[in-house]
Amino acid sequence: MPRVLLIEDDRAVREAVALALGHQGHEVAAAGTGEDGMTRLRSFRPDVVVLDLMLPGMTGLQVCREIRGVDQAMPIIMATARGDEVDIVVGLEAGADDYVVKPVQARVLEARIRAVLRRATTAQVADGIPRIETHGDLSVDRAGMSVTRQGVPIALAPSELRLLLTLSASPGQVFSRQQLLETVWEHSYHGDARLVDACVKRLRSKMGEPAGRPRYVQTVRGFGYRFGPR
Amino acid sequence: MKAPIRGRIRPPQLRGLRVRLVVAFGLVAVLTAAATGTLTFREARTGILQQSQDAVIKQLRARVDRLAPALAFPPSESELRRFAVDVAAGEQSPARRVLAVYRDLSVTSVPGDPFEELTPALREAVRSRPFTAFQRVRDGGRASLVVGMPVTFAYPAEQGPHTSGVQVFLTVPLANEQSYVDALVTAVERATVPALALAVLLALLAARGVLRPVRALRHATRSIAEGRLDTRLTVDGSDELADLSRTFNETAAALETSVAELHDMEARARRFAADVSHELRTPLAAMSVITDVLDEGAARLDSETATAVQLISTETVKLTRLVDDLMEIARFDAGAAVLHLDEIDLAESVRRTLASRAWSQEVDARLPEPDVLRGRVDPRRLDVIVANLVGNALRHGARPVELRLSAERTGQETQAVIEVWDSGPGIPDTVLPHVFERFYKSDTARTRTEGSGLGLAITAENVHVHGGTIRAANHAAGGALFTVALPLRRHGDRSAGGPR
């Protein structure tokens, strides 16, 4: 079963979330501070991190950046309290894959965990599609879940990778933010499109796209995004 | 709180303070000038005339006294004429004429002089009494002084004067004296005009002195009425108007303080609601995450405990929704509600809203073709709007519920119009104006509805934050009809969201 590292400062919430996730069959390690969380990350080796953004001492944002510093592929779901909306975009840009707003029901959190894990593990290789595609100087290995540019591997977070795989599967096709929310994040049509925008931003920066004139992930104003080397 | 008071356009103030002051000052000036002039004129005229009159009489008396002894008695006509001419010769001006009368004899210093100035009354007065008499006569434009005196004999002195029967009349034209008087009248008239002008000027100055503070007061009052409660007047001087300005300032300050207190209280009340919701988040976060555990575990408990556990679970979910809604409302109140605009196909959005809540079969949705109605909206907020309206119709109205989405062009702007119409009894007229109010309960007996009581208030806020309008009405064919109009911005109308 998936191993979840929960970093949450409030004892009651921490215990309740651990209880609920344990009830769903997850193996849960809980940490009350960011520092403790970083220690547990190394010892517990989780499959996914659920991270509260409002932490005493080392903040959730710092924890998120630090995790990304050691493991780009670690799925991170951040939890924010309702009303602290400003944090969401910053958290997403710091590298979180998804977010939930507390109070949250266990099944919603569970669904998010499942979705982000699917992003990290699913190899979408349909029949007839070559295992490795080349787009310009970009090589996408769908089965091996890796991307290289001019032979140099690019370390991508699960949602960044899944976004790139989705877009590059149909070069030239325009995807609306809502479509991407549904296919990449498994959110509803009316979900938060800032997830998509923040992820595109991170993806472009990791791929070394020139600012203002991206080569691979292009903005189609008023419609969404498309993949197309130019 | 702002009263929509605008200054009415008034007709020119004929009865205004300025006009009244000018008229009053003018009247006073004219009356004063007229009274002064009249008095001066009368005194001066009397003085001038009296003086010349006295001089004339004195000279005449002296001459008559000198010449009379030489007059033979009873005089012949020629002697009388000589006497008259002699008397007249002593006068300074040839225009002064003399008439001498003795019994039936009547001679003039100028031959053939009709001596018209002499009135019978004067003639009678001189004849009947041994005193000098005079009369001013005005004949046409010329004024004359006519003096009559009987020639008397002084001796024997002890018997007193007795008349000789000879009477001398002298007519003196008063041309000189008249011109003095005329000059005086002209002078008075000329003085009146500058006096009047000065009075008007003074009146205007006085009016300005009064009107300036009055006008300032009027502007300040209007400014207060328009909501600028920090309006104050500058107080100078210590007259009644300065007192009034001071009172105005005190009143305005008191008003500002109480309004600020009211605002403060309202803000505190709202902040309290927001703070309470905020504080409830953490315990609710712990509670709501384990409702699923409770629900699943309830099956293994005895029925009493199971019911209690399920009750806690469902009420926790409701409480969470209520707190969510309260915090949403608090964000609107704080002006912190942010629009995350994205250009989407509105028909698709509405279809998804219905589908995600399993309402597709329950609602008769009349939507435009795909990609016909595109616009920049906040998809999450549009979802809330549609879901709340349809949910409300399904809960409080009756099926069938109809939803219609259409485009409406008004001038340059296109609006998306969403109509949700149920087949229930409609909304009572007394309730209709309050449907968008928070926690408004149409039925006071029913203390709790299924929703939080904030659904329609949040819907309205979500519509307004888009710059749209929302209306509740009763359909002519029965049932409640909610109409939402959202302005449809297209890409390029505003900066696009998301990175380029």
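Helices (H or I, at least four residues) and strands (E, at least two) are DSSP runs, numbered from the N terminus. The model shown here is predicted, so local features need pLDDT of at least 70 and side-chain atom pairs count only at pLDDT 80 or more, while totals for chains, interfaces and linings use all residues. Residues are numbered from 1 along each chain as its sequence is written, and chains are lettered from A and ligands numbered from 1 in the order in which they are written.

**View 1. Helix α4 of chain B and its kink.**
Let's start with α4(B), which covers residues 175-225. The expected span of a helix is 1.5 Å times one less than its number of residues. For the 51 residues of α4(B) this gives 75 Å, and the end C-alpha atoms lie 72 Å apart, which agrees. Follow the helix to Leu211(B) and you reach a kink of about 30°, shortly before the proline Pro213(B). The bend at a residue is the angle between axes fitted to the seven residues ending there and the seven starting there. After α4(B) comes Gly227(B), with a positive phi near 105°.

**View 2. The buried residues of α4(B).**
A residue is buried if 20 or more other C-beta atoms lie within 10 Å of its own, exposed if 12 or fewer, and partly exposed in between, with C-beta atoms placed from the backbone. In α4(B), the buried residues are Ala199(B), Ala203(B), Pro213(B) and Ile224(B). They pack against two helices of chain B, α1 (17-67) and α5 (240-288); two residues are in contact if their C-beta atoms, placed from the backbone, lie within 7 Å. For the wider setting, chain B has ten helices and twelve strands, and 26% of its 500 residues count as buried. Among contacts in chain B between residues at least 6 apart in sequence, 64% join residues at least 24 apart.

**View 3. Where chain B touches chain A.**
Here 32 residues of chain B meet 34 residues of chain A. On the chain B side, at least two residues each come from α5, α6 (291-298), α7 (303-333), β6 (342-345), α8 (346-356) and α9 (379-396). The most come from α5(B), which gives eight residues. Sorted by class, the chain B side holds twelve nonpolar, eleven polar and nine charged residues. In this sorting, Ala, Val, Leu, Ile, Met, Phe, Trp, Tyr, Cys and Pro count as nonpolar, Asp, Glu, Lys and Arg as charged, and the others, Gly among them, as polar.

**View 4. An open three-stranded sheet in chain A.**
The strand order in this antiparallel sheet is β10-β12-β11. Two strands pair if DSSP finds at least two bridges between them. At the edges are β10 (174-175) and β11 (217-220), each pairing on one side only. Two bridges link β10(A) to β12(A), residues 224-227, and four link β11(A) to β12(A). Have a look at Arg226(A) in β12(A): Val174(A) stands opposite it, and so does Gln218(A). Three residues separate the strands in the hairpin of β11(A) and β12(A), where Gly222(A) takes a positive phi near 90°. Helix α6 of chain A (residues 158-169) lies across β10, β11 and β12, running at about 70° to β12(A). Axes are lines fitted to C-alpha atoms, for helices over the stretch in contact, and angles run from 0 to 180 degrees between N-to-C directions.

**View 5. Two hairpins that share β7 of chain A.**
Antiparallel strands β6(A) (residues 132-135) and β7(A) (residues 138-141) are joined by four bridges. The partner of Ile132(A) in β7(A) is Asp141(A). Two residues lie between these strands, and Gly136(A) has a positive phi near 60° in this hairpin. Four bridges also pair β7(A) with β8(A), residues 146-149, again in the antiparallel sense. In β8(A), Ser146(A) stands opposite Asp141(A). This hairpin has four residues between its strands, and Met145(A) in the turn has a positive phi of about 55°.

**View 6. Helix α8 of chain A.**
The 13 residues of α8(A), 194-206, should span 18 Å, and the end C-alpha atoms are indeed 18 Å apart. Buried residues of this helix include Leu195(A), Val196(A), Asp197(A), Cys199(A), Arg202(A) and Arg204(A). Gly208(A) follows α8(A), with a positive phi near 70°. Chain A has eight helices and twelve strands, and 44% of its 230 residues count as buried.
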